Amino acid sequence: MTDNSQRLAVARAAYDAVPLYDPKRAPVDLDLTDNTNLWGIPPEAERAWRELPVARITRYPTLYAAELKQALAAYVGVTADMIVTGCGSDDILDSAMRAFGEADDLVAGPEPSFAMIPIFARMNALRYTGCVELPSHQPDIEALLATKPKLLYLCSPNNPTGALVARDTIERVLREAPGVVFLDEAYAEFAGVSSVDLVQQSDRLLVIRTMSKAFGLAGLRIGYAIGQPSLVMEVEKSRGPYKLNAMAEQTALAALQHDMPWVNEHIALAVELRERLADALRSRGFAPLASHANFVCVPVPDCVNVGLALRERGVAVRPFPGLPHIGDTLRISVGPWPLLERFLAAFDDVM
Ligand code: PMP
């Protein structure tokens with residue numbers, strides 16, 4: 001076999017070995033696992049999906065969601081040709097890997113981080129290397145750059161720690177990384193800061209965002225990315241037409257045009273209750289990590305069994321066993337205080 005066909009065979013074997021993603025989570029009364037908006041969906045967005053004209057369903061949706069791109073562009077402060085939309089930011093990440101990676105290319109990212117990144121890499125016949133973060137919960141940039149990755153992934157605020165990546169770290173990565181940099185800002189609204197402006201300075205930066213978290217629209221699957229027009233065009237090409245469904249487009253548009261006061265009010269609430277939850281955990285002798293997202297990550301010994309015991313009490317949170325520098329932790333989504341009180345009561349009972 002030639003070198004090239006050997007590489008392709010290895011990549012194909014890695015692809016064939018990808019299991020179906022199926023965490024087998026049984027339904028539970030109170031689900032605090034997925035960091036969605038537990039207050040519900042914004043009012044005008046709700047009206048828009050209820051009132052969607054039948055003709056919008058019998059016909060195909062718009063080719064590339066042009067009107068929604070205009071609204072997203074206004075929201076993040078760029079032009080519409082710098083936006084690509086997707087079926088959730090999952091779809092954007094997956095499509096962007098296909099657009100920029102060739103079989104057996106390397107994707108590098110911090111460890112721990114968003115669990116789907118290694119899976120998307122393998123689904124696209126790419127290799128993945130995780131570089132353990134520093135004890136400060138910042139990504140280990142030296143280690144990440146040393147891998148010379150074709151694609152470098154950063155997540156800010158990071159899932160599951162909630163840590164914000166320092167601005168100068170992102171700037172350094174953009175200067176020194178050899179390939180495309182993915183900056184996942186799924187939780188940026190809760191941090192109140194974004195590095196989306198850096199797309200104006202770099203044609204290798206793709207910032208990935210979502211309407212699943214702050215906008216409460218996870219079920220409709222609306223993600224988007226921001227980058228230079230040439231970069232986003234490659235992602236668009238790798239996806240094809242009609243990928244955002246009509247209901248998702250109409251609802252997202254209504255949310256951006258009419259619901260920003262509701263969205264901002266609930267972001268502020270999530271931030272306030274995140275701190276209240278962290279205080280409540282501290283008062284019980286735990287040491288939650290500083291979070292800039294809509295969840296709290298707290299070291300808890302034997303987290304898997306604690307998670308199971310909480311489930312028996314009708315509350316689901318996400319255990320992360322053995323995180324580097326941290327050990328066993330639970331990640332708890334923030335929502336209305338009565339829900340968090342239910343979690344705390346179950347937690348007290350278990351601990
Ligand atoms: N990035 C991060 C960091 C996430 O935590 C998630 C969802 N948990 C996603 C992307 C994907 O979100 P969605 O596909 O709903 O936009």
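Visitor: What makes β9, β12 and β11 an open sheet, and in what order do the strands come?

Guide: In this predicted model, the three strands line up as β9-β12-β11 with antiparallel pairing. β9 and β11 are the edge strands, each with a single partner, so one side of each has no neighbour in the sheet. From one strand to the next, the twist averages 25°.

Visitor: How do you know that β9 and β12 are paired?

Guide: Pairing takes at least two bridges between the strands. β9 and β12 (residues 327-333) are joined by five bridges and run antiparallel, so they count as a pair. One bridge to look for: Val298 has Leu330 in β12 as its partner.

Visitor: Which helix packs on this sheet?

Guide: That's α13 (residues 303-312), which touches β11 and β12. Its direction makes about 170° with that of β11.

Visitor: What is the strand order in the sheet of seven strands?

Guide: This open sheet goes β2-β8-β7-β6-β5-β3-β4, and its pairing is mixed. Here the edges are β2 (83-86) and β4 (127-132); each has a single partner strand, so one side of each is left without a neighbour in the sheet. Ignoring direction, neighbouring strands are turned by 25° against each other on average.

Visitor: How many bridges link β5 and β6, and in what sense do they pair?

Guide: β5 (residues 151-155) and β6 (residues 180-184) pair in the parallel sense over five bridges. With at least two needed, they count as paired. Take Cys155: its bridge partner in β6 is Asp184. Helix α6 (residues 116-123) packs on this sheet too, touching β3 (106-111), β4 and β5, and its direction makes about 160° with that of β4.

Visitor: Which residues does the cis peptide bond with omega of about -10° join?

Guide: Ser156 and Pro157. Pro157 sits in the loop between β5 and α8 (167-176). Pro160 lies in the loop between β5 and α8 as well, and a cis peptide bond joins Asn159 and Pro160, with omega about 20°.

Visitor: What makes Asp104 worth pointing out?

Guide: Its phi is positive, about 80°, although Asp104 is not a glycine. Most residues other than glycine have a negative phi. You'll find Asp104 in the loop between α5 and β3.

Visitor: Which residues make up domain 1 and domain 2?

Guide: Domain 1 covers 6-38 + 261-350, and domain 2 covers 49-257. Their centres, taken over C-alpha atoms, are 22 Å apart. Each domain brings residues to the contact: 29 from domain 1 and 29 from domain 2.

Visitor: Which elements supply at least two residues each to the side of domain 1 that touches domain 2?

Guide: They are α1 (3-16), α12 (260-283), β9 (295-299) and β11 (318-323). α1 gives the most, with seven residues. By class, this side of domain 1 has 19 nonpolar, seven polar and three charged residues.

Visitor: Which residues come nearest to the ligand?

Guide: Out of 13 residues around the ligand, the nearest are Gly88, Ser89, Asp90, Thr210 and Ser212. Helix α5 (residues 88-100) gives the most to this shell, with three residues. The shell divides into four nonpolar, seven polar and two charged residues. Gly counts as polar here.

Visitor: What does UniProt list for residues 31-345?

Guide: The unreviewed entry lists "domain: Aminotransferase class I/classII large" there. In the model, that span is 42% helix and 18% strand, and its end C-alpha atoms lie 15 Å apart.

Definitions and conventions:
Residues are numbered from 1 along each chain as its sequence is written. This is a predicted model: local features need pLDDT of at least 70, side-chain atom pairs count only at pLDDT 80 or more; totals for chains, interfaces and linings use all residues. Domain bounds come from an automatic or database domain assignment. Two residues are in contact if their C-beta atoms, placed from the backbone, lie within 7 Å. Helices (H or I, at least four residues) and strands (E, at least two) are DSSP runs, numbered from the N terminus. Axes are lines fitted to C-alpha atoms, for helices over the stretch in contact, and angles run from 0 to 180 degrees between N-to-C directions. A residue is near a molecule or strand if its C-beta atom, placed from the backbone, lies within 6 Å of it. UniProt positions are given in the numbering used here, feature names are shortened, and annotations may be inferred rather than shown by experiment.
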